[in-house]
Amino acid sequence: MDRWKGRVALVTGASVGIGAAIAKSLVQHGMKVVGCARNVEQIEKLAAECVRSGFSGTLIPYKCDLSVEDDMLSMFSWIKVQHQGVDVCINNAGLALPEPLLSGKTSGWRTMMDVNVIALSVCTREAYQSMKERNIDDGHIININSMSGHRVVNNADIHFYTASKYAVTALTEGLRQELREAKTHIRATCISPGLVETEFAYRLLSKNQEKAAATYKSIKCLQAADIANAVVYVLSAPPHVQIGDIQMRPVEQLT
């Protein structure tokens with residue numbers, strides 16, 4: 001990770017869970033991390049914690065609504081002015097809403113597509129353009145996907161979410177191909193976790209918190225730090241190594 005010290009990473013959805021763990025880990029490894037979310041108070045607390053811990057990097061909170069393109073474009077403009085640009089883009093933000101295909105609300109479907117697919121694509125495009133204009137040829141774009149991007153579970157509440165994650169799988173491979181055609185050494189990677197003990201189930205099952213808690217008690221789940229460790233592994237790979245997709249489940253998870 002030495003070559004990344006002092007360089008700029010953007011982590012979306014950095015206020016809680018996997019995003020917060022990734023941001024903290026990259027700061028620990030000496031990177032300058034712009035952590036964005038709608039709730040920057042949580043990121044500010046994490047930034048203060050990083051300072052207290054004596055980490056060599058810096059966490060910079062940035063308030064951004066990833067469902068609004070102008071917010072994202074303003075964020076990249078601000079990063080350009082304040083920090084020259086983005087060297088690593090980690091598209092972590094994502095959400096699942098319980099909206100089945102036969103009865104779900106269109107608004108819920110749109111929200112999932114806006115954050116899980118469109119925001120990811122906008123941040124990817126803007127990060128690449130930032131790298132290109134500065135002649136950065138060793139940048140990295142990492143999409144935090146899901147095992148739901150690789151198989152369909154018999155659960156109506158997450159079928160549309162699953163479709164959005166299949167899109168992330170396709171977008172990551174498409175990005176890899178376009179980067180090769182552009183004759184750049186910028187890399188694209190997908191990390192696809194199974195069940196991770198975060199706030200995810202509590203948001204998905206907001207009307208049934210007991211069921212959400214039971215989900216995480218049913219097996220020994222992955223932890224957010226496990227995903228952060230995978231990100232560090234990907235970034236630490238030699239420049240000639242292209243890691244396409246890491247699929248990771250709890251040992252006890254069946255599907």
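**Figure 1. Overall size of the predicted model.** The protein has a radius of gyration of 17 Å, which agrees with the value near 18 Å that a compact globule of 255 residues would have; the radius is taken over C-alpha atoms, and the globule rule is 2.2 Å times the number of residues to the power 0.38. Along the principal axes, the C-alpha atoms fill a box of roughly 45 × 45 × 35 Å. This is a predicted model, where local features need pLDDT of at least 70 and side-chain atom pairs count only at pLDDT 80 or more, while totals for chains, interfaces and linings use all residues. Residues are numbered from 1 along each chain as its sequence is written, and side-chain values use heavy atoms, with hydrogens and water left out.

**Figure 2. Fold and surface.** You'll find 8 helices and 7 strands here, as DSSP runs numbered from the N terminus (helices H or I, at least four residues; strands E, at least two). Of the contacts with a separation of 6 or more, 72% link residues 24 or more positions apart, a contact being heavy atoms within 4.5 Å. Some 51% of the 255 residues count as buried, meaning under 20% relative accessible area (exposed is over 50%, partly exposed in between; 1.4 Å probe, protein chains only). About 12300 Å² is exposed, with carbon and sulfur atoms supplying 53% of it (Shrake-Rupley method, 1.4 Å probe).

**Figure 3. The second largest pocket.** This one holds about 270 Å³ of space. Helix 4 (106-133) and helix 5 (159-181) are the elements giving two or more residues to its lining. Among the lining residues are L120, R125, Y128, N143 and E178. By class, the lining splits into 6 nonpolar, 4 polar and 2 charged (Ala, Val, Leu, Ile, Met, Phe, Trp, Tyr, Cys and Pro are nonpolar; Asp, Glu, Lys and Arg charged; the others, Gly among them, polar). On a 1 Å grid over the protein atoms alone, a pocket is an open set with protein on both sides within 12 Å along at least five of seven lines, a cavity is a set of points where a 1.4 Å probe fits but cannot get out, and lining residues have an atom within 4 Å of a point.

**Figure 4. The largest cavity.** A search of the whole structure turns up 1 cavity of 30 Å³ or more. The largest cavity has about 40 Å³ of space, and its lining includes T12, L66, N91, V115 and C123. Helix 4 supplies the largest share of that lining, 4 residues. No charged residues show up in the lining, just 6 nonpolar and 3 polar.

**Figure 5. S77.** S77 sits in helix 3 (residues 69-83) and is partly exposed, at 43% relative accessible area.

Conventions
Points joined across faces, edges and corners; volume = space filled by probe spheres on them.
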